[in-house]
Amino acid sequence: YFSKNTKLINIPGVSSGIREINPQSFSKNDPVYFKYQGKVYYSATLFGGRGTPQIVDGADAESFSERKLSTGQEYGVDKNFAYCAGSKLNSSDGPTFNDSDPNYAFDKIQAYYPNCRIIEGSDGSSFQVIQVGTYAKDKNHVYRFGIVISGADAPTFQISGDSYMKDKNNVYYATQRHDEVRGEIYEVKKIELAD
């Protein structure tokens with residue numbers, strides 16, 4: 001949680017900022033974000049590569065800091081916006097950006113899921129993770145792996161075991177199956193007639 005009174009502190013062994021690196025002497029051991037002559041640069045490791053550093057358009061070098069989730073998401077923030085894989089996340093808010101969950105990130109405006117995906121229709125100001133990496137909710141929706149559980153009542157939604165959930169209206173069952181073309185498919189089904 002960040003407020004206007006929050007101060008960033010330096011913790012030994014933890015980088016709170018980004019280093020000044022000349023792109024011409026850039027090496028694969030350098031961080032994914034770095035700055036040079038007042039600009040922020042990004043070099044991709046996300047999506048399988050480490051390419052030529054590119055300027056992060058619009059990033060404020062003075063306030064920019066790198067973030068990295070345990071899933072490998074390459075987030076960064078400045079005094080205005082959040083960035084993922086070197087691109088600005090539209091309508092994001094850097095000062096309130098929270099990436100403490102291994103999959104979900106959010107700010108006061110909206111929520112995000114891996115691979116730089118904005119969760120459409122999410123409300124960042126009420127967003128909360130209810131099961132690490134899997135379930136989250138906001139004032140309007142409940143999400144499983146970043147996808148809306150259709151018809152779920154967010155205020156009363158509860159997890160009732162490994163695969164079962166409930167709200168004031170329904171009981172749900174979560175499934176997972178493998179499809180040769182689409183990969184892993186996650187579904188939540190309403191159990192008809194369950195109380």
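Let's start with Tyr173, which sits in strand β17, spanning residues 171-179. This is a predicted model, and the tour below goes from this tyrosine to a hairpin and then to the nonpolar interior.

**Tyr173 and its surface patch**
- With a relative accessibility of 31%, Tyr173 counts as partly exposed, because that class lies between the buried limit of under 20% and the exposed limit of over 50%.
- Tyr173 joins Tyr164 and Ile191 in a nonpolar patch on the surface.
- Together, Tyr164, Tyr173 and Ile191 offer about 250 Å² of accessible area.

**The β11-β12 hairpin**
- Strand β11 (residues 128-131) and strand β12 (residues 135-137) run antiparallel and are joined by three bridges.
- Across this pairing, Gln128 faces Lys137, a residue of β12.
- The two strands, β11 and β12, make a hairpin with three residues between them.
- In the turn of that hairpin, Gly133 has a positive phi of about 75°.

**The nonpolar cores**
- The largest nonpolar core is built from 19 residues.
- Tyr33, Val40, Val56, Phe64, Tyr75, Leu89 and Phe97 are the residues with the most contacts inside this core.
- Two or more residues of this core come from each of the elements β2 (39-42), β5 (74-77) and β6 (82-84).
- The element that gives the most is β6, with three residues.
- Another core, of nine residues, lies apart from the largest one; among its members are Tyr135, Ile149, Phe157 and Met165.

Note on methods. Residues numbered from 1 in each chain as written. Predicted model: local features only at pLDDT ≥ 70, side-chain atom pairs only at ≥ 80, totals over all residues. Heavy atoms only, no water. Patch = residues over 30% accessible without salt bridge, like charges linked within 9 Å, V, L, I, M, F, W, Y side chains within 5 Å. Areas by Shrake-Rupley, 256 points an atom, 1.4 Å probe, with all protein chains shown as cover. Salt bridge = Lys/Arg side-chain N within 4 Å of Asp/Glu carboxyl O. Helix = DSSP H or I, 4+ residues; strand = E, 2+ residues; numbered from the N terminus. Buried < 20%, exposed > 50% of the residue type's maximum accessible area, 1.4 Å probe, protein only. Pairing = 2+ DSSP bridges. Core = buried A, V, L, I, M, F, W, Y, C linked by side-chain atoms within 4.5 Å.
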